[in-house]
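Trainee: Could you take one strand of this model and walk me through it closely? I'd like to hear what sits on either side of it.

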Amino acid sequence: MASRIEQPVPSRKQVNTSDSNEAHDMIAGNFNNMPLLSPTLTPSQVPVSETPQVPPKVPDEVRNALPIHEKLPEVRCMARARIPTTHGPEIFLHLYENNIDNKEHLAIVFGEDVRSKSLFAKRPNDTQQDRMTRGAYVGKLFPGRVDADHDSHSKKSLKFDSDGQLIREPSTTFMNNPCLVRIHSECYTGETAWSARCDCGEQFDEAGRIMGNAGHGCIVYLRQEGRGIGLGEKLKAYNLQDLGADTVQANLILRHPADGRSFSLATAILLDLGLAEINLLTNNPDKILAVEGKNRDVKVLERVPMIPLAWRTDNGIKSKEIEGYLSTKIERMGHLLEKPLKI
Ligand SMILES: Nc1nc2c(ncn2[C@@H]2O[C@H](COP(=O)(O)OP(=O)(O)OP(=O)(O)O)[C@@H](O)[C@H]2O)c(=O)[nH]1
């Protein structure tokens, strides 16, 4: 992997738009001289005990545009493996490394014929065994298989150019449709700790269900917990929410942007997988712009709305907290969702 790219240290103005700056300053005083590493790593320098019990009013429009980088990060798929799932469809889990952070970002791929350029490219001294072990094989593995590039059971073969780069065959899986994609940010509380404060777990399951039914799709799973602020800060934000703040206010009180995420890694991962035209499952308009990037390297042809289950079925999450969470997404973050009159 290439050496890590030096990240420019953003100025405070670059990181937070003026609206959220004003909100910070209103709440926490003037912090213009505070060193800032990155939106996601900004430590809270205001102890929670010093924040007001009742959150002060912050401007209604506090959306900070998600960063769109000039240059995409470098990504490399390190390993891929088939996973049979408890829900039925098999998935191929791809693990990525990159040159901007040390996190293990993932791509969960439905369908066997989506291939990572970086994983499948021939490497110096690569053996067929090496290729099978890291997951750069066609078809399916079975005991006794010796050739990664040819599957004697399915009769599928891989082709390479003279530089050892994979030649992609037109996909049969998508049947001429763009691939269904969800770009999902990690939510330990919603996906693992059964939280009814947000719909992250439900959205993740729903994306898997839709892709399983369609027979194709890709969930890019980014390790940017709590909209980029990390789990510890998110737990503090929860306490502030219990004290009366909404999700945006809580982030601002903790001196984080309303949304500290970046989607350039998702763009780079999608390109590595050859998914340049996608139908994106999201309600978040900023995410569409961010994943398309400056040069529209990835094109979102269609947006597939993610309507909360409780709004359209008898199932789904029902809690006072989730109502507030979804209202804030609609009213403060511009999400493309229309609340039903009666839930
Ligand atoms: N700071 C903070 N983050 C939260 C809270 N609840 C959920 N999250 C995080 O919000 C993120 C959810 O992002 P996504 O569901 O991928 O995307 P989205 O921007 O909500 O848009 P959709 O694509 O429409 O779902 C995850 O990183 C969660 O950890 C909260 O109360 N505070």
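Mentor: Sure, start with a facing pair: Tyr96 stands opposite His105 in β3. Before going on, bear in mind that this is a predicted model, where local features need pLDDT of at least 70, side-chain atom pairs count only at pLDDT 80 or more, and totals for chains, interfaces and linings use all residues. Residues are numbered from 1 along each chain as its sequence is written.

Strand β3 covers residues 105-110, and by strand I mean a DSSP run of E with at least two residues, numbered from the N terminus, while helices are H or I runs of at least four. Tyr96 belongs to the pairing with strand β2 (residues 91-98), which runs antiparallel to β3 and is joined to it by five bridges. Two strands pair here if DSSP finds at least two bridges between them. Six residues lie between β2 and β3, and the two make a hairpin.

Now for another partner: β3 is also antiparallel to strand β9 (residues 217-222), again with five bridges. One pair to click on there is Ala107 with Val220 of β9.

As for burial, β3 is largely enclosed by the rest of the structure, because five of its six residues are buried. Buried means 20 or more other C-beta atoms within 10 Å of the residue's own, exposed means 12 or fewer, and partly exposed is in between, with C-beta atoms placed from the backbone.
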